[in-house]
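This report is meant for a reader who has not met the structure before. Please look at the sequence and the model first, then read on.

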Amino acid sequence: MAIKIKTAEDIAGLRVAGRLASELLDYLTPFVKPGVTTGELDRLAYDYTVNVQKCIPACLGYQPEGMTPYPATTCISINHVVCHGIPSDKKKLKAGDIVNIDVTSIKDGYHGDTSRMFIVGKPTIAGKRMVELAFQTMWAGIDAVRPGGTFNDIGKACQAFADKNGISVVRDYGGHGIGKGFHEEPHVNHFPVRTPTPVFEPGMVFTVEPMVNAGRYGVTMLGDGWTVVTKDHSLSAQWEHMVLVTETGYDILTVSKGTQAPPDFVKGWKLPENL
Ligand code: MF3
Ligand code: CO
Ligand code: CO
């Protein structure tokens, strides 16, 4: 099956969905404080998505082949949790935690998928370092996107950045094409592979969302069937944007007021001034 080239109408729809997902993270930001439970954050996310944004929470009830339905609006992954942390009223955030909140919303049939890291209360040195390195790993991957290049360029760029900084790139999970489908082709690896990867063409839309670990890249899934943790219990961090291949480079579809400007090494994209 081929990778879909999005029409102008698709791109406009994905831009709206991407902005709404990003605005949901903006909304949640002030609630990410010591003592809040991830269950509370998830309820806030559900209510805002459904009642304010009039969107459909794409994760709630999402059931890939061979999995149990995902039970929440958000994935909230703390410290050594790599991804797909299930919100719970029993899970309280505490100072120094590093937390990924990943949201996916559907608006007018189009998916918006984005995630950011948050540091709860006073940062630890190790936590802050992982949050910053994960952000830069994502941007190293994004900035490798240009028409005529290949998906392997993302993997090479992420891996090279991780190697330089002594962190590892998770291999079992990756990015994905996105559109009217949540997880479309292709699967996007954040490490290089030896088999041929597709060529970037204007109109492709996919996520770049590397998970990086302070220790080794190995992960395991918990008994709940969703929560993925580092095998060595080291810290893990992740950011996610939706990327559109343009005629000259790329654009980011998951932007809102709270979007962080890219690192200085990024030459291909600037945060729009009037968000
Ligand atoms: N938002 C995740 C991604 O970036 C997918 C989460 S699937 C869920 O692809 F079911 F766990 F929510
Ligand atoms: Co995604
Ligand atoms: Co996501």
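What follows describes a ligand site and the metal ions beside it. The model is a predicted one.

**Ligand 1**

Ligand 1 sits in the largest pocket. Around ligand 1 there are 14 residues, and the closest of them are C59, H176, H183, E209 and E240. Sorted by class, this shell holds 6 nonpolar, 4 polar and 4 charged residues.

Oxygen atoms of ligand 1 lie a short list of distances from side-chain N or O atoms, as the table shows for H176, E209 and E240.

| Side chain with the N or O atom | Distance to an oxygen atom of ligand 1 |
|---|---|
| H176 | 3.0 Å |
| E209 | 2.8 Å |
| E240 | 2.9 Å |

Taken alone, ligand 1 exposes 330 Å², and the protein buries 96% of that area.

**The cobalt ion, ligand 2**

Which residues supply the protein donors of the cobalt ion that is ligand 2? They are D113 through OD, H176 through NE2, E209 through OE and E240 through OE, at 2.0 to 2.3 Å from the ion. H176, E209 and E240 are also among the residues closest to ligand 1. Along the sequence, the donor residues of ligand 2 follow the spacing D-x62-H-x32-E-x30-E.

Why is the arrangement around ligand 2 irregular? The 6 donor atoms around this cobalt ion subtend angles of 51 to 164°, and therefore the arrangement is irregular. For comparison, the ideal angles for six octahedral donors are 90 or 180 degrees.

**The cobalt ion, ligand 3**

The cobalt ion that is ligand 3 is coordinated by D102, which is listed with two OD entries, by D113 through OD and by E240 through OE. These distances run from 2.0 to 2.4 Å. In sequence, the donor residues of ligand 3 are spaced D-x10-D-x126-E.

The arrangement around ligand 3 is irregular because its 6 donor atoms subtend angles of 58 to 166°.

**How the sites connect**

How far apart are the cobalt ions, ligand 2 and ligand 3, and which residue coordinates both? The distance between them is 3.3 Å, and D113 coordinates both. E240 appears among the donors of ligand 2 and among those of ligand 3. The side chain of E240 also has an N or O atom 2.9 Å from an oxygen atom of ligand 1.

Note on methods. Residues numbered from 1 in each chain as written. Chains lettered and ligands numbered in written order. Predicted model: local features only at pLDDT ≥ 70, side-chain atom pairs only at ≥ 80, totals over all residues. Heavy atoms only, no water. Near = heavy atom within 4 Å. Polar contact = N/O pair within 3.5 Å; in protein donor to acceptor, adjacent residues only side chain to side chain. Areas by Shrake-Rupley, 256 points an atom, 1.4 Å probe, with all protein chains shown as cover. 1 Å grid on protein atoms, 1.4 Å probe; cavity = no way out; pocket = protein on both sides within 12 Å on 5 of 7 lines; lining within 4 Å. Sits in = over half its atoms within 2 Å of the grid points. Nonpolar A, V, L, I, M, F, W, Y, C, P; charged D, E, K, R; others polar. Donors = N, O, S within 2.8 Å, 3.2 Å for Na, K, Ca; no water. Tetrahedral: all angles 85-135°; square planar, octahedral: opposite > 155°, others 65-115°.
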